[in-house]
Structures are given as structure tokens and as C-alpha cells.
Amino acid sequence: MERPIHDPNSSDCRAVSGVLARVGDKWTVLIVATLGDGSKRFNEIKRTVGGISQRMLTLTLRGLERDGLVTRTVFPTVPPRVDYQLTELGHSLWKPVEALGAWARANQDEVAAAREAFDARNNAAGHDGADARLRPPA
């Protein structure tokens, strides 16, 4: 069966691209995985998702809230307590994120071996493994 050719300028493709840009983001994947087992406070998420800055965590959580994947609940305490949790839509994303994580863990050795083989072939041929089109001019 022949696959249809999609016009990248169609409203459907642009909409899908926007959603994929959100859900395919490294930080989104890690945050959704973290929230998969229940609500967490900001600093709990920050500790669990190593290497994320406070600003990036804030921006990512706001984007996830805007897209309907996360809810933010503020409790009137001193200091205020804020919890984040996945919405029903967010939980529907959590399942494929978990599957992707399981695939990555199961195949990490094979991917590492493929990278080493690629780098060895390209280094032997005088290449550094990086795509020459992506390098800045000398």
C-alpha cells in the first residue's frame, strides 16, 4: 500500500508538528515520566529530573499546563505549596513515554555499539563523524 504524501504546509501537518515539538522535547519526556506515578512538587520534579535548570523546568511545566497535559494546584499555605500532576491527556502520553524509555533501556548497548562502529568508520576515512553540512565554516 502506498503511503500518502503529506503537504508540510497543510494545517494538519503544522498542528502535528506543534504537538510533536512539545511531546518530543527531552525535558517533557523526563517530566512526564516523573509525574507518571503521581503528583509532585516543583523541587521534587527538579531533583528527579537531573540537570534541568529552574527556568527550563518552569517553562516546560507551563507549556505542559498550556497543552492540557499537566495541572498545577496551589495550596493556600505559608509558604504556598504547588503540586503538579498529569491530566487524563497527560496520562495517555505517559504510556508511550514509558514504552519509549523501556525501548531505550533495552537497546542502549546496541545503539552505543552502532555509534562506535560509525565513528570508527568515519574517523578512519578522515571524518570526525559530524555531518559536514552542520559544521560552521572554518
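1. In this predicted model, helix 2 and helix 4 are packed with their axes 10 Å apart and at an angle of about 75 degrees, and because angles of 65 to 115 degrees count as roughly perpendicular, the two helices are described as roughly perpendicular to each other. On the side of helix 2 the contact is made by Trp27, Thr28 and Ile31, while helix 4 contributes Met56, Leu57, Thr60, Leu61 and Leu64. Sorted by class, the residues of this contact are 6 nonpolar and 2 polar, with no charged residues.

2. Helix 2, which covers residues 26–35, also packs against helix 5, which covers residues 88–124, and here the angle is about 105 degrees with the axes 9 Å apart. That angle makes helix 2 roughly perpendicular to helix 5. Val29, Val32 and Ala33 of helix 2 meet Gly90, Leu93, Trp94, Val97 and Glu98 of helix 5. The classes in the contact of helix 2 with helix 5 are 6 nonpolar, 1 polar and 1 charged.

3. For the reader who wishes to place these helices in the whole, the chain has 5 helices and 3 strands, and along the sequence they follow the pattern α-α-β-α-α-β-β-α. The chain is made up of 138 residues, of which 22% count as buried. Its accessible surface comes to about 10300 Å², and carbon and sulfur atoms account for 56% of that surface. Among the contacts with a separation of 6 or more, 41% are between residues 24 or more positions apart.

4. The largest nonpolar core has 19 residues, and those with the most contacts inside it are Ile31, Leu35, Ile45, Leu57, Leu61 and Tyr84. Two or more residues each are given to this core by helix 2, helix 3 (42–48), helix 4 (54–66), strand 3 (81–86) and helix 5. Helix 2 supplies the largest share of the core, namely 4 residues.

5. Leu57 deserves a separate look, as it appears both in the contact of helix 2 with helix 4 and among the residues with the most contacts inside the core. When neighbours within four places in sequence are left aside, Leu57 is in contact with Ile31, Phe42, Ile45, Lys46 and Ile52.

6. Is Thr34, a residue of helix 2, buried or exposed? Its relative accessibility is 10%, and because buried means under 20%, Thr34 counts as buried. Apart from neighbours within four places in sequence, the residues in contact with Thr34 are Lys40, Ile45, Thr48 and Val49.

7. Gly90, which is found in helix 5, has a relative accessibility of 0% and therefore counts as buried. This glycine is part of the contact between helix 2 and helix 5, and with neighbours within four places in sequence left aside, Gly90 is in contact with Val32, Gly68 and Leu69. Gly90 and Leu35 are 55 residues apart in sequence, whereas their C-alpha atoms are 9.1 Å apart in space.

8. A last point concerns the backbone, where Val78 and Pro79 are joined by a cis peptide bond with omega at about -10 degrees. Pro79 lies in the loop that runs between strand 2 (70–75) and strand 3.

Terms used:
Residues numbered from 1 in each chain as written. Predicted model: local features only at pLDDT ≥ 70, side-chain atom pairs only at ≥ 80, totals over all residues. Heavy atoms only, no water. Buried < 20%, exposed > 50% of the residue type's maximum accessible area, 1.4 Å probe, protein only. Contact = heavy atoms within 4.5 Å. Areas by Shrake-Rupley, 256 points an atom, 1.4 Å probe, with all protein chains shown as cover. Axes fitted to C-alpha atoms, helices over the stretch in contact; angles between N-to-C directions. Parallel < 35°, antiparallel > 145°, perpendicular 65-115°, else oblique. Nonpolar A, V, L, I, M, F, W, Y, C, P; charged D, E, K, R; others polar. Core = buried A, V, L, I, M, F, W, Y, C linked by side-chain atoms within 4.5 Å.
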